[in-house]
Amino acid sequence: MKKFLSTMISAAVLVGAAGTSTIVSAADEVNVVMFGMPYTKGLAALADDFEAQTGIKANIDVIGQDVFENRITLSFTGKSGDIDVVHTPVIQVQRWVSANWLKPITAEVDAMAVKSDIMEGPMDAYKIKGEQWAVPYMAATGLMTYRKDILEEAGVEVPQTWEDMLAVAAKIHNDDTAAIAMRAVPGQGFNMFIFPMVMRAYGGKFFEDYTAGDLTPAINSPETLEALNVYMKLLNEYGPQGAGNFNFAEVQAAAQNGQIAFAVEGTGIAASLVDPEKSQFADKTGITLPPGGPAGRSPAIAVHGLGIPASAKNPELSAKFIEWAVSSETMTKIALAQPFSNFTTQSVAKNADVIAKYSKIHPDFLAVQAEALNLAIGHYRPLLPEWPALGQAIGENINAALNGLMSPEDALEAAEQEMKDILGQ
Amino acid sequence: MTAKSTKQVSATADLERGYRNMVLPAVLAVGIFAIVPLAGMLALSVSDYHLLRGTNWEFGFKNFVRLVSDKRLMGSVYAMAVLSFFGVTAQVLIGAAIAVGLSKIVGRWRLGRVLFLLPYAVPHVAVALIWLSLFTPTLSPINAFFDLFGVTVPSFLTTQNGALFAIVLADTWTNFPFAMLIILAALQGISPDLEEAAALDGATRIQTFFYVTLPLLIPAFLLVTLFRFIDSLKHFPMIFVMTKGGPGRSTQATNYYGYIQTFQNSNVAYGAAIAVTLFIVAAIISFYVAKLNQRVTS
């Protein structure tokens, strides 16, 4: 009967997915499905290397993130076995493990020579119920870029806290250059990648005590309210026009066009803003940690890795591919070919060419990134199977408050109630 | 019955059998690619399947009962109704106006028709990206232009009505050519004799249009409205790219809400119930429009 339901799901989404081809693995082929990011694009370009080294043909499919979600749901619920290695964001891994979509790979990972070279924090993020479920290849973190010339002219220092940021923003904001832009569109990977940096700085939290296992929603607190008011004030009063619908692309464009002084963003976007090849204001732009608050500094973190679907037909080949994909050699090639600095295979950072490349972008870049990663907490966004649903619900309420559809008090109250509903409390 | 006519009958039967065989692959394709997934969706909608919690094998109409009391669903129906009503109305009116204009153009300039078809050929995600940048004040050339005169164009995507308007506009831009095409074809099917006859009877051009041409176009209007309406229930790419359902939840049309329930919240069964309800609504409306069409044509 379960099989029947799975078949029904596959059938139900079949029409939508009729355009995607289904390749059934041959004996010496691995089918890899990932969504577009610098690393995945770089990896796809190296597919021939893998075949030359191992004799195994790698079909690396890099697709859009929205299509990805549908594609894997279809494949995993239908147990079609057409994916051998899958892009596994840490934010999804709990949900996938709960749904029995992934194969535990503790033994396979233990056998990999590269294991000791991979950063421990990101590696542990994929440990659930004592098993390893994926191998990380990147850990993006939250960074802040700022226009040195604008701060200098106004005679102000780089803000260390969000409180400082409010004061600085008030001084530098004008019609031509807004003070700051951050992601605002609703979604667990959009405003909920950025907002928790403000929330955690003020001591706000998602649950009563996440680390002790008390998952009573606690987002409706005075701390989170204060943080939300700061976030709203920054974007509504000191942000560019239309900031309430900004996603990372709009933040990036605004900074590249010199329309904002501060951007708080993920590593990839932040790097592009200090890269002279990508932004005409790069030489005037500095990079540092995102601001903190009374409860400290909590840069965002997003880990991405590679996992093996439970339905994969030939897990040994899959493991072989993953080992190659996260090896120091492959990672170094990608770090050099793509804007990819947030690798989790540590020895890549020792490569002279890699150091040269990223120091040229900005001398502080690699050091600031390492410091931010060091400060970031693994459960910045709670590692729960329900997180995508929770993040969506909270994000929608935060966005509604930001755009004046409801008061911040009501938004947090609604968010907490919806969290309870989702968790069945 | 004479031998000759029997032969004729059997020849017609043969011919009909031949045609039936020709239709068979299409029937099979529809059966496999439409009926089977629909049946699957129906089965899911009465189940309790949840991606994380699995299923307890309880079947019933719980999901449909929940639909009635779901405030978010009601909000999504409002967004969908606004998007569909204004979008379809604008597409049909603009499409009709351009079709009437184009039908009067003869000679070389007829090629200009192709120009109006271009928006229809652009993929929806690309259309959405174009309009997203036009509606993002920091990127939009429109805002930059008015800035020159010190005029600030309001930000549309951060208000409920503004965001709905932006999506209607993007949807209209890409879909009016479809309405135009169908109405143009219908216009060309109207014999010029009728207009000439009306002119001979002393009717003005405007009278001719309203009393002769327009009534003859009603079947085409019904057809194009129906097609566009059914399609408009499936709003997704514009919302996904332009607003992500925001601000807040104001542009979460029902289809988008179903996506969130299914893929973000893992409520597969509930998402299926939303989809089934949408399908039933579309089916009922299609049925009545088809009947209306029959009445008009007969």
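**Chain contacts, domains and cores of a predicted model**

Reader: How many residues of chain B are in contact with chain A, and what makes two residues a contact?
Author: In this predicted model, 38 residues of chain B are in contact with 37 residues of chain A. They are called contacts because their C-beta atoms, placed from the backbone, lie within 7 Å. Local features need pLDDT of at least 70 and side-chain atom pairs count only at pLDDT 80 or more, whereas totals for chains, interfaces and linings use all residues. Residues are numbered from 1 along each chain as its sequence is written, while chains are lettered from A and ligands numbered from 1 in the order in which they are written.

Reader: Which helices of chain B supply at least two residues each of the side that touches chain A, and what makes a segment a helix?
Author: These are α1 (3-45), α11 (254-264) and α12 (268-297) of chain B, with the largest share, seven residues, coming from α1(B). Each is a helix because DSSP gives a run of H or I with at least four residues; strands are runs of E with at least two, and both are numbered from the N terminus. By that rule chain B has 12 helices and zero strands.

Reader: How is the side of chain B that touches chain A divided by class?
Author: This side has 19 nonpolar, 17 polar and two charged residues. Ala, Val, Leu, Ile, Met, Phe, Trp, Tyr, Cys and Pro count as nonpolar, Asp, Glu, Lys and Arg as charged, and the others, Gly among them, as polar.

Reader: How does the radius of gyration of chain B stand against that of a compact globule?
Author: The globule rule is 2.2 Å times the number of residues to the power 0.38, with the radius taken over C-alpha atoms. For 298 residues this gives a value near 19 Å, but chain B has 25 Å. The C-alpha atoms of chain B fill a box of roughly 70 × 65 × 30 Å along the principal axes.

Reader: What are the domains of chain A, and where do their bounds come from?
Author: Chain A is divided into domain 1 (2-10 + 25-139 + 301-372) and domain 2 (142-296 + 378-423), with bounds from an automatic or database domain assignment. Their C-alpha centres lie 28 Å apart. The contact takes 23 residues from domain 1 and 22 residues from domain 2. On the domain 1 side, the largest share, six residues, comes from α5(A).

Reader: Why is β12(A) called mostly covered?
Author: A residue is buried if 20 or more other C-beta atoms lie within 10 Å of its own, exposed if 12 or fewer, and partly exposed in between. Seven of the seven residues of β12(A) are buried. Ile301(A), Val303(A), Gly305(A) and Gly307(A) lie on one side, and Ala302(A), His304(A) and Leu306(A) on the other.

Reader: How do you know that β12(A) pairs with β3 and β6 of chain A?
Author: Two strands pair if DSSP finds at least two bridges between them. Four bridges join β3 (residues 85-89) to β12(A), and seven join β6 (residues 134-147) to β12(A); therefore both pairs satisfy the rule. Both run antiparallel to β12(A). Thr88(A) stands opposite Gly305(A), and Ala139(A) opposite Val303(A).

Reader: What makes a set of residues a nonpolar core, and which members of the largest one touch the most others?
Author: A nonpolar core is a set of buried Ala, Val, Leu, Ile, Met, Phe, Trp, Tyr and Cys residues joined through C-beta atoms within 7 Å. Of the 137 residues in the largest core, Ile180(A), Ala181(A), Val198(A) and Phe321(A) touch the most other members. This core draws at least three residues from each of domain 1 and domain 2 of chain A. A second, separate core of 39 residues includes Leu51(B), Leu164(B), Met242(B) and Tyr259(B).
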